[in-house]
Structures are given as C-alpha cells and as structure tokens.
Amino acid sequence: MDDWQRLLQGSLRKPEEIAQRFGLELEDVRRIARVFKIQITPYYASLIKNRGDGLWRQMVPDPAELREHTGEADPLLEDEDSPVPGIVHRYPDRVLFLVSHSCASYCRFCTRKRHVGDPSKINPRYIEGGLEYIRNHREVRDVIISGGDPLMLNDRRLEEILKGVRAVPHIEIMRIGTRMPCVLPQRVTEKLAAMLRKYHPLYVNVHFNHPDEITPESSRALNLLADAGIPLGNQTVLLKGVNDDPLVMRGLMQKLLAVRVRPYYIYQADYVNGTEHLRTTVEKGLEIMDALRGWTSGLAVPYYCIDAPGGGGKIPLIPNYLQSINAEQVVMRNYAGELYAYPQVKQKAKRKPRPAVAPCFNFDGPMP
Ligand SMILES: *Cc1c(COP(=O)(O)O)cnc(C)c1O
Ligand code: SF4
C-alpha cells in the first residue's frame, strides 16, 4: 500500500468521529450521512482554522443540507447526455469519461452528489464500454477523465485507462480533472508524475476554492505535475461564505498563478439538492469578475460560467463593458469605470444583406 492510500484510510468518515471532531450533534451527522456521503482527509481537516470558515463550509456536513429541497438531483441532465454508462457526450468534439465513483473528501456542494461514493453508479466494468464508445466516435478529439476523482484509482489502473484512450488514433488531447492536489496532495508522487508524462499531450485541471488551500504540500504536488510538462488549469466553484468576496477570490487566483496553475473557470454553484446554503447570487459573481479584470494580471482572470440547468452546457457571463454601439462608434467603460470611444470602420453606402441570424451583442443600448 502506498503512503497516500494509508493516509486516505485514516480519513474522517464515521459519524461519531465527525461529530466529535467538529462539535456537531451526532444525530444530525447520522441523518446527513444516510443521504450524502461524508469523508474528510486528515490533511484537509488540518487546514480548517475556525468553525464555519471557508474550508469548513466546503467539507463539514451541515444540517441545512437536509432542510433544502429546492435544488435538483441531476440539474445538468448529465444522465440524459450519457450514451453509455460512464460517458457524458454533450459537446461536438469532446466527452467526459467518468472512471471513478469516489473522492478523497466529499464536497458539500458537489454537483454529482447523487453519484459520488455510490459504486453502482460509476462501475469499473463500464470503463471498457466507455473506451469502446470513444473508439467508435471519430468526432471525439478530447477526453476529459473525471469522476468522482480519477486519482482515487491506483497508478496501475489509471495508466490502463490513459493507455487505452491514448491508443485511439482520433484522440488529440486528454485531460484529467482532480481535486487530489487540494484534498490529498500526497497522492501526487514522483512515480505518478513519471507515469503521466508518458501520455502527453495531457492536461490536468485541479480544483481549489480558497487561498488557504494553497499550502506547501499542495504546492509541491502542483510543481511535480508542472515539472512533468503538464499544463495546469483550475476550476473554482463560487460558494457563499467561502470565496464570494472579491479580495478572497483575487488572492486565490494570484496564489494559483504563483504555483503555475492557470485559472480556467469560476462556476456559479449548480442548482443541486441540499446545497442552497452554499449558493450565492449571479450579481456577486459578476462583481467578482469586475474586481479581477484590469485590477490584476489577465492570466489571473478565468471565465465565469453557469452550467445551464437542463443540459445547455457552460455559458460564460461577462460584466457589461459595452455602453453603446452604432455605425460611428463604440462606447465602452474600462475596468476603472471610465468611458472610452472607439471609431467604427466606415460602412459602404450600399448595405449588405443582413445575415440570416442576427448577431447578438452583450449591451443595453439600441441596435445599430
Ligand atoms: C465541462 C464539460 C466539458 C468540457 O468543457 P470545456 O469548456 O471544453 O472545458 C465537456 N463535456 C461536458 C459534459 C462538460 O460538462
Ligand atoms: S472532488 Fe469533485 S466530484 Fe468529488 S465531491 Fe468534490 S466536487 Fe464532487
């Protein structure tokens, strides 16, 4: 058994342990545990400084989870876009390949709350079926290996999957989505990095939500991956009481860049059953984006997206910089709120036929 597997075995998961460690009512924890999986690695638990802080809110179960019935079980309709078990094929040229049902720590806001930790939902037997689907679909050029957390698999099983996908001639890139560098950075070993680098071009997207999650241990893990030539991106979920503050979010984005991770997405929290106490408004998300762009490195500014309920995919939202647009000029505001005008190119007198689909502009003014 590897070190990380030993550490994982020591995770907090029994309701008695959780209640005692965090000073919760045992009966509350038992009731939550019947509905949603609970598990926290000792490493992640050690990063929690105070009751109710940004790390606590992500992992420590809250009785509010059982009171909230507003969200849905599968808001993104991933099940509907699943042609075979373990594959979600929503976009033209890329698929999600779900290869593990478990995670090292279970996030209270998880979109796949209904899948994670349930071995019947993402079955190891489905992996061959998923590979078969990828082989048979030549339009797929990008495979996103996800779960659960794919780094819960041991190196040997993970390598089998990477090898299988890499052997498909029409697959150009592979990506792994994992929260391990955040919740169990000991999972990232030299051995793992040496294995992964054999399967380039390979990207890894990690998941950090709070600056306190960037520690010497997580930095070591990220550096090992970056040194293996793996471009690193980060996905953050906007969460109430965790990172719904422009300064906290800016701090997180800057700290990520310092460990060679490029912020990729900030997601509006999905509309999931039992997560209402962690959701915040879209206005807050736009305010945070406004507080990033221009005020810090452009590299620190990810896309802010809502994964549209009903299976519409990720839709980016951008603060409104365009004040007006007509045939003469475009009036914009800059990051500091000052107005600037850009002269339009002179149009020929004779008008071209209008395109069949009118272009859409993100602005409030009249159409030109
Ligand atoms: C997020 C996601 C992808 C990848 O989207 P990118 O914008 O390319 O990162 C692919 N398929 C599904 C179903 C997704 O949810
Ligand atoms: S690591 Fe990802 S899949 Fe696992 S519980 Fe957290 S959000 Fe869900």
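## Surroundings of ligand 1

In this predicted model, ligand 1 is surrounded by Val88, Arg90, Tyr91, Arg94, Leu96, Ile144, Arg175, Tyr264, Tyr265 and Lys314. By class, this shell around ligand 1 comprises six nonpolar and four charged residues, with no polar residue among them. Two strands, S2 (94-98) and S7 (261-268), each contribute at least two residues to the shell.

Three side chains of the shell place a polar atom at a short list of distances from oxygen atoms of ligand 1: for tyrosine 265 the separation is 2.5 Å, for arginine 94 it is 2.7 Å, and for lysine 314 it is 3.0 Å. Ligand 1 taken alone would expose 390 Å², and the protein buries 90% of that area.

## Strand S3 and its burial

Isoleucine 144, a member of the shell around ligand 1, lies in strand S3, which spans residues 142-146. Because five of the five residues of S3 are buried, this strand is largely enclosed by the rest of the structure. The cover extends to both faces of S3, with Asp142, Ile144 and Ser146 buried on one side and Val143 and Ile145 buried on the other.

## Strand pairing and crossover

Strand S3 pairs with S2 in the parallel sense, over five bridges, and in this pairing aspartate 142 of S3 is the bridge partner of arginine 94. Arginine 94 is also the residue whose polar side-chain atom lies 2.7 Å from an oxygen atom of ligand 1.

Strand S3 pairs as well with strand S4 (residues 173-177), again in the parallel sense and over four bridges. Here the bridge partner of isoleucine 144 is arginine 175 of S4, and both of these residues belong to the surroundings of ligand 1. Between S3 and S4 the chain passes through helix H8 (residues 155-166), forming a β-α-β crossover that is right-handed.

## Surroundings of ligand 2

What residues are found around ligand 2? They are Cys103, Ser105, Tyr106, Cys107, Cys110, Val116, Gly148, Arg179 and His207, so that three cysteines, Cys103, Cys107 and Cys110, are included. Divided by class, the shell around ligand 2 holds five nonpolar, three polar and one charged residues.

How values were computed: Residues are numbered from 1 along each chain as its sequence is written. Chains are lettered from A and ligands numbered from 1 in the order in which they are written. This is a predicted model: local features need pLDDT of at least 70, side-chain atom pairs count only at pLDDT 80 or more; totals for chains, interfaces and linings use all residues. Side-chain values use heavy atoms; hydrogens and water are left out. A residue is near a molecule or strand if one of its heavy atoms lies within 4 Å of it. A polar contact is a pair of N or O atoms within 3.5 Å; within protein, one must be able to donate a hydrogen and the other to accept it, and residues adjacent in sequence count only if both atoms are side-chain atoms. Accessible areas come from the Shrake-Rupley method with a 1.4 Å probe; for residues, only the protein chains shown count as cover. Ala, Val, Leu, Ile, Met, Phe, Trp, Tyr, Cys and Pro count as nonpolar, Asp, Glu, Lys and Arg as charged, and the others, Gly among them, as polar. Buried means under 20% relative accessible area, exposed over 50%, partly exposed in between (1.4 Å probe, protein chains only). Two strands pair if DSSP finds at least two bridges between them. A crossover is right-handed if, with the strands pointing away from the viewer, the path from the first strand over the helix to the second runs clockwise.
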